[in-house]
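Student: Could you walk me through this model, piece by piece? I'd like to see how you get to each answer.

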Amino acid sequence: MKAIVAVKRVVDFNVKIQVLPDGSGINLAGVKMSMNPFDEIAVEEAVRLKEKGVLTEVVAVSCGPAACQETLRSAMALGADRGILVETDVELQPLGVAKLLKAVMEREQPQLVLLGKQAIDDDCNQTGQMLAALAGIAQATFASEVRIADGRACVTREVDGGLETLSVALPAVITTDLRLNEPRYASLPNIMKAKSKPLARLTPAELGVDVTPRLSTLKVTEPSKRKAGVKVPDVATLVDRLKNDAKIL
Amino acid sequence: MTAFACALVVAYHEGESIHPTTRHAVTAASQCGDDVHVLVAGDGCAEAARAAAAIAGVSRVLHADAPSLANGLAENHAALVWALAQGYSHVFFSASSYGKNVAPRVAALLDVAQVSDIIRVLDAHTFERPIYAGNAIATVRSDDAIKVATVRATGFPAAPAEGGTASIESVAPVGDTGLSAFVSRAAARTDRPDLGSARVVVSGGRALGSEETFLSVLVPLADKLGGALGASRAAVDAGYAPNDWQVGQTGKIVAPELYIACGISGAIQHQAGMKDSKVIVAINKDPDAPIFDIADYGLVADLFDAVPQLVASL
């Protein structure tokens with residue numbers, strides 16, 4: 001059984017981002033980029049399924065500019081067998097990425113597609129669901145446990161108010177939540193080995209997909225800042241302030 | 001083209017009652033359409049349909065009832081919403097785990113973009129939404145014929161639960177896609193207020209040290225204030241609190257009247273989930289913890305001393 005894992009190159013989660021003064025976007029010049037943390041969890045899950053003998057091949061796919069090949073090399077260092085870069089400098093939105101991934105699915109015929117539940121830059125939480133819709137297959141989002149048996153995936157999902165378990169027919173799309181697993185670190189030998197794993201390049205045109213953005217971003221601004229608060233010396237003062245100043249108690 | 005804009009809100013409900021986040025989505029929808037309809041889809045959800053009809057500002061309730069619509073399965077629900085969506089200018093969902101699961105599937109079936117987590121409606125095509133864990137606000141415009149969006153509850157007041165007199169109309173459910181099946185649910189049993197809509201939230205971090213101390217220290221304070229319990233990702237990962245208590249970019253987004261952060265450093269990820277609270281209180285030993293940058297009232301103290309004192313003085 002083959003799996004595709006979609007990985008996105010995003011601003012590293014530790015970076016404190018800056019909004020550009022002209023409101024056109026975020027300052028990305030010289031900023032550290034990494035694999036989206038939820039996608040690391042997706043790669044880890046695929047590699048673990050391969051180690052258990054459930055999967056025979058794990059293909060990492062990334063869409064975006066040429067620099068995304070670094071993200072694919074990271075995925076291969078973690079255990080993916082090969083990479084596919086769908087290269088474009090056009091701004092990609094979830095619907096466009098879902099269409100690209102569907103076209104890749106048609107070529108690769110995977111039984112499982114793993115994605116992170118959301119990317120930490122656009123915070124959309126859409127691509128996996130959209131891909132499942134376009135491919136006409138089942139989806140299991142926000143997964144915290146995945147078991148594959150008898151041609152189906154049994155997936156426990158993190159939902160409002162608790163956990164829910166679904167059984168979905170394969171092929172299916174699964175999106176990962178934080179607590180699915182703890183991703184491993186890539187070892188130096190594996191980083192070296194990843195450099196010689198195959199990496200194929202495609203373009204949206206070769207896949208026959210129109211990725212023109214549907215949403216236009218008119219501006220990006222800083223959120224309103226909270227006004228600085230005060231430090232109180234003790235609990236009695238805290239209670240007094242909450243009662244008499246904030247009038248909240 | 002319809003003569004006038006009509007918005008459809010897809011209700012998140014529990015069979016008998018409508019989840020409060022749905023009423024926030026109704027408010028957002030009423031800012032986009034002249035008319036607001038609500039779809040209540042499920043298995044045995046007549047009671048929820050009646051509750052939806054009572055929401056102020058709703059003119060019509062579409063009620064779809066069938067076994068295939070039980071448990072909110074995305075494949076069946078998205079197929080139903082897709083079939084009904086033509087003729088609507090907007091299809092809104094609450095940004096609940098239900099809405100986030102179904103809305104993108106509907107948008108892709110309609111071949112339109114989806115706008116996630118809107119916090120403001122500028123006009124019927126233009127919305128504000130947070131990106132980068134709430135560290136930036138993007139203004140986005142959609143020119144698609146049908147705008148599909150999820151609505152962040154903290155961005156809009158809830159439409160009143162009473163006062164509406166909408167008609168209820170049965171709509172034919174679509175067949176079961178057979179792609180997915182519900183197996184089981186492990187509900188976090190609690191008699192506390194819902195974290196997403198509580199007036200007071202008492203939240204704990206890794207400093208609580210264990211599940212036992214998390215509960216023994218924070219429960220009395222939450223009880224005293226009639227509040228919900230929340231947790232940082234660190235506390236959830238350490239097993240001190242269940243997953244669905246997590247407040248932050250990847251957990252729940254809350255904006256209560258009062259948020260009390262106990263032993264939480266205040267990472268960007270956590271702040272993304274609570275910085276719109278009306279009053280923030282931080283209790284932390286470390287005077288340099290980033291939580292103090294956004295707290296209205298900060299107390300530098302050992303929470304194991306301060307929280308019981310606070311309980312005693314309330």
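Tutor: Sure, one term to begin with: helices (H or I, at least four residues) and strands (E, at least two) are DSSP runs, numbered from the N terminus. This is a predicted model, where local features need pLDDT of at least 70 and side-chain atom pairs count only at pLDDT 80 or more, while totals for chains, interfaces and linings use all residues. Residues are numbered from 1 along each chain as its sequence is written, chains are lettered from A and ligands numbered from 1 in the order in which they are written, and side-chain values use heavy atoms, with hydrogens and water left out.

Student: OK, let's go. Which strand holds F142(A), and is F142(A) buried or exposed?

Tutor: Look along chain A and you'll find F142(A) in strand β7, residues 138-149. Its phi is a bit of a curiosity: near 55 degrees, a positive value in a residue other than glycine. Buried means under 20% relative accessible area, exposed over 50%, and partly exposed in between (1.4 Å probe, protein chains only). F142(A) has 4%, so the word for it is buried.

Student: What about Q109(A), buried or exposed?

Tutor: Q109(A) also has a positive phi, about 50 degrees, although it is not a glycine. You'll find Q109(A) in a loop of chain A, between α3 (94-108) and β6 (112-116). Its relative accessible area is 56%, so Q109(A) is exposed.

Student: Which residue does a cis peptide bond join to L170(A)?

Tutor: Go to the loop between β9 (162-169) and β10 (172-176) of chain A, where P171(A) has its place. The omega there is about 0 degrees, and the cis bond runs from L170(A) to P171(A).

Student: Which glycine comes just after α2(A) with a positive phi?

Tutor: Start with the helix itself, residues 68-77 of chain A, where the buried residues include C68(A), T71(A), L72(A) and A75(A). Just after α2(A) comes a phi of about 135 degrees, and the residue that takes it is G79(A).

Student: Now the two chains together. How much area do chain B and chain A bury between them?

Tutor: Contact means heavy atoms within 4.5 Å, and 81 residues of chain B are in contact with 71 residues of chain A. Buried area is the accessible area (1.4 Å probe) that two parts lose on being put together, summed over both. Of the area here, 55% is on carbon and sulfur atoms, and the total is about 6,400 Å².

Student: Which strand of chain B is joined to β12 of chain A?

Tutor: Two strands pair if DSSP finds at least two bridges between them. Here 6 bridges link β12 (residues 215-221) of chain A to an antiparallel partner in chain B, residues 136-142. One of the bridge pairs is V220(A) with A138(B). The partner strand in chain B is β8.

Student: T139(B) lies in that strand, β8 of chain B. Is T139(B) buried or exposed?

Tutor: Check who touches it: apart from neighbours within four places in sequence, the contacts of T139(B) include S216(A), T217(A), L218(A) and K219(A) from chain A, and L122(B) and F127(B) from chain B. The relative accessible area of T139(B) is 3%, so T139(B) is buried.

Student: Which residue of chain B meets E164(A) in a salt bridge?

Tutor: A salt bridge is a side-chain nitrogen of Lys or Arg within 4 Å of a carboxyl oxygen of Asp or Glu. Between chain B and chain A the count is 6, out of 32 over all chains. Inside chain A, E164(A) meets R157(A) at 2.7 Å, N to O, and both are buried, because E164(A) is at 6% relative accessibility and R157(A) at 4%. From chain B, at 3.0 Å, the partner is R185(B).

Student: Last one: K278(B) and E257(B) form a salt bridge, so how far apart in sequence are the parts they tie together?

Tutor: Their closest N and O atoms are 4.0 Å apart. K278(B) is exposed at 52%, whereas E257(B) is partly exposed at 31%. K278(B) sits in the loop between α7 (268-271) and β15 (279-284), and E257(B) in the loop between α6 (233-237) and β14 (258-262), so the distance in sequence is 21 residues.
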